[in-house]
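Got the viewer open? Switch on side chains, keep the sequence panel handy, and let's walk through a few stops together.

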Amino acid sequence: MIVVPAGSTLTLRCPGEPDLPLIVLDDVRADFVAALAPIPVLSLDDPAARRAGIVELVTNAGVTWIEAELRGGRLTIAGDLTTDVVQRREAARRPGAYAATGTAQVDSEPGRRLVPVSGHVEDVSTGGLLLRATGAGRPHLPAGIVRTLLHVSMPWGVMTAAVTTVDQISDQLRGTYEWIDPVDSAALRKFCGSR
């Protein structure tokens, strides 16, 4: 059973237009992604506008990208999956916007180099996180990030973790914890479990 949970953030990417964040207003369930009913969403876009593109679909089973159409506050799945699920959701997780800074290890010629990164963590779990770059214009992360040492401002204080990259696109990095401070690990388990 696939569930798109209420309160989750989806991102619709339309060619030649800025990315459009969408907030899911009600749980939507189906046996398969392609069978999902139209998803009620809230956006800053004109309700009368019709937009078609690729949506980053967050479900209880993971995250995937699929063709979709937005019309009248409803997001309708309109095509086949463009990728497989890239991160499973076996771990307890919490959406949010937590400021993050750190250092990324990038694979580049002739070898690996370190570069500073900043952004915010939009989704955190006991197994990993989603980092989105922030900044002026259209911010992006350097290509080829292998691992990142991050300092994330969480409700209990600054969480320090080393994250191994699972998937990366221009402004986002999804990764799993390679190392996390034991105190932060315990606080994170409590934080993700307290819903």
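Start by selecting Cys14, which is buried, at a relative accessible area of 8% (buried is under 20%, exposed over 50%, partly exposed in between, with a 1.4 Å probe and protein chains only). Now add Cys192, also buried, at 4%. How many disulfides does a search of the whole structure find? Zero, where a disulfide would be a pair of cysteine sulfur atoms within 2.5 Å.

A quick word on what you're looking at: this is a predicted model, where local features need pLDDT of at least 70 and side-chain atom pairs count only at pLDDT 80 or more, while totals for chains, interfaces and linings use all residues. Residues are numbered from 1 along each chain as its sequence is written, and side-chain values use heavy atoms, leaving out hydrogens and water.

Next, the rings. The structure holds two aromatic pairs; rings of Phe, Tyr and Trp (its six-membered ring) pair if their centres lie within 6.5 Å, and planes under 30 degrees apart count as stacked, over 60 as edge-to-face and the rest as tilted. Select Tyr98 and Phe191: this pair is edge-to-face, 6.1 Å centre to centre with 80° between the planes. Tyr98 sits in strand β9 (residues 93-107) and Phe191 in helix α1 (residues 182-193), so the link spans distant parts of the chain, 93 residues apart. (Helices, H or I with at least four residues, and strands, E with at least two, are DSSP runs numbered from the N terminus.) Both Tyr98 and Phe191 are buried.

Keep Phe191 and add Trp156: their ring centres are 5.7 Å apart and the planes at 65°, so this pair is edge-to-face. Look for Trp156 in the loop between β12 (145-154) and β13 (157-169), 35 residues from Phe191. Is Trp156 buried or partly exposed? Trp156 is partly exposed, with a relative accessible area of 30%, whereas Phe191 is buried at 12%. Show the three together: ring pairs link Tyr98, Trp156 and Phe191 into a cluster.

Now jump to Val117 in strand β10 (residues 112-125). Val117 is buried, with a relative accessible area of 7%. Leaving aside neighbours within four places in sequence, its contacts (heavy atoms within 4.5 Å) include Ala100, Gly102, Leu141, Pro142 and Leu150. Draw a line from Val117 to Leu131 as well: they are 14 residues apart in sequence and 9.9 Å apart in space, C-alpha to C-alpha.

Last stop: pick Leu42, in strand β5 (residues 39-42).
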